[in-house]
Amino acid sequence: MRLSRYFLPVLKETPREAQIVSHRYMLQAGMIKQSSAGIYSWLPLGFKILRKLENIVHEEQQRAGHLPMLMPTVQPGELWEESGRDNSYGPEMLRITDRHGRKMLYGPTNEELITDIFRSHVTSYKELPLTLYHIQWKFRDEVRPRFGVMRGREFFMKDGYNFDLNKENALHAYNRHLVSYLRTYERMGLKAIPMRADGGPIGGDYTHEFLVLAETGESEVFYDSAVTDLRLGDREVDFRSVEQCQAIFDEWTTPYARTDETHDEAIFADVPKERQSTARGIEVGQIFYFGTKYSETMGALVDDGQGNKVPVHMGSHGIGVSRLLGAIIEASHDDKGIIWPEGVTPYHCGIVNLKQGDAEADAACDSLYDSLTALGLEPLYDDRDERAGTKFGTMDMIGLPWRLTVGPRGLKNGVVELTSRKTGESEELPPEQAVERIAQIYASVR
């Protein structure tokens, strides 16, 4: 993409309404624009990153054997009355009455709707296990929306639902989701810690939240610092293996890690003193096992093979995809702007032309652009007629991991400059070697 043809409304001033880094940088980098309180338009750069995160979530869900679908944003109120949850969300639920007087709502979650789908089509244990998921816009009418996409009213979320014959199988689904989420966050360059949490209005007494440590986090968390050393890395996972998923679950949940809602000072005291840690955390996902809470109430029954009709065991699993953008920025930035991890960057590298209009510099930039594109990479070429300082400022703000700087002086020596956004380190390379280096970097990114 050539920046002269792109829509990137970078702000020079710090927005007054932005209280945290991610909100400020998303506005300044031209990623979002507020439509109304807690509701945002996603501009091209922000939308591009949102889609990258969505694709990673899809890939990891399907790797774990989960099936994608799509449910509507507006749901019939009668299903929530049937489950008994009609009033659980209180004023956070946006209720609607259509022209025929029917009660409708803008869905904050989908347990009722998915249970209705299941009971309409599945009747036998032979059709289990089954996990369905979708990624969809949701709405919760927060009394005080703040922090940009971190605490908005409208948000983009993956929610999945497993159906199993018994508790044992449902807990394997729970462990499978925990492993799948760990893989998802690692691919995004995040260290997300699973922490014992409270079920809230979703229900169930078996639930973990995934929290990214950040000073601006809304939750206070208490944890054994040993958990921060754990990595999945490139470990091959057989998601059908009960034993392997259980082993990874045990590895990650044995060290103490809890939110303030479930913190137990007596248990925490048993953690070695030097490993007792407290911090703030940003919630980026949560998994639940709630047994037959919805299936029993709503009649989601299957034949168990013994001639009995039994309610299925269920769980739900959510990732806040739009919230993840804010969490990544909170975890990866400096005073110049965003620093995108290579796995989620909107463009693989930036190209800065220091002397736009110079025939040799223009030709060298065009050649770099074409070479990178031919390798399946996406460069962002700043071909604007602007000062070098303005171009560098834009690249620093939007946070692309690598920058190629091209100018007449370097070209006389046959080199361009390759700079790491994360470290600030630069090296001069012949253009062909610079392209090869960038290709090698991204070849190792999953």
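## Reading cysteines and a small sheet

Modeller: In this predicted model, the sulfur of Cys 365 lies 11 Å from the closest cysteine sulfur, that of Cys 349, which is too far for a bond.

Biologist: Happy to start there. What is a disulfide, in general terms?

Modeller: A disulfide is a covalent bond between the sulfur atoms of two cysteines. To call one here, the two sulfurs must be within 2.5 Å. The sulfur of Cys 365 has its closest cysteine sulfur 11 Å away, so no bond is assigned to Cys 365.

Biologist: How many disulfides does the count give by this rule?

Modeller: The count comes to zero disulfides.

Biologist: Is Cys 365 buried or exposed?

Modeller: Cys 365 has a relative accessible area of 0%, so it counts as buried. Cys 245 is also at 0% relative accessibility and is buried.

Biologist: Now the sheet. In what order do strands E4, E5 and E6 lie?

Modeller: The order is E4-E6-E5, in an open sheet with antiparallel pairing. Strands E4 (74-76) and E5 (94-97) are at the edges because each has a single partner strand, which leaves one side of each without a neighbour in the sheet. From one strand to the next, the twist averages 35°.

Biologist: How do I read side-chain directions in a strand?

Modeller: In a regular strand the side chains alternate between the two faces of the sheet. For the pairing itself, follow E5 and strand E6 (residues 103-106), which are antiparallel and joined by four bridges. Arg 95 stands opposite Leu 105, and Thr 97 faces Lys 103 across the pair.

Biologist: Which residue in the hairpin of E5 and E6 takes a positive phi?

Modeller: Gly 101 does, with phi near 80°; the hairpin has five residues between its strands.

Conventions:
Residues are numbered from 1 along each chain as its sequence is written. This is a predicted model: local features need pLDDT of at least 70, side-chain atom pairs count only at pLDDT 80 or more; totals for chains, interfaces and linings use all residues. Side-chain values use heavy atoms; hydrogens and water are left out. Buried means under 20% relative accessible area, exposed over 50%, partly exposed in between (1.4 Å probe, protein chains only). Two strands pair if DSSP finds at least two bridges between them. Helices (H or I, at least four residues) and strands (E, at least two) are DSSP runs, numbered from the N terminus. Axes are lines fitted to C-alpha atoms, for helices over the stretch in contact, and angles run from 0 to 180 degrees between N-to-C directions.
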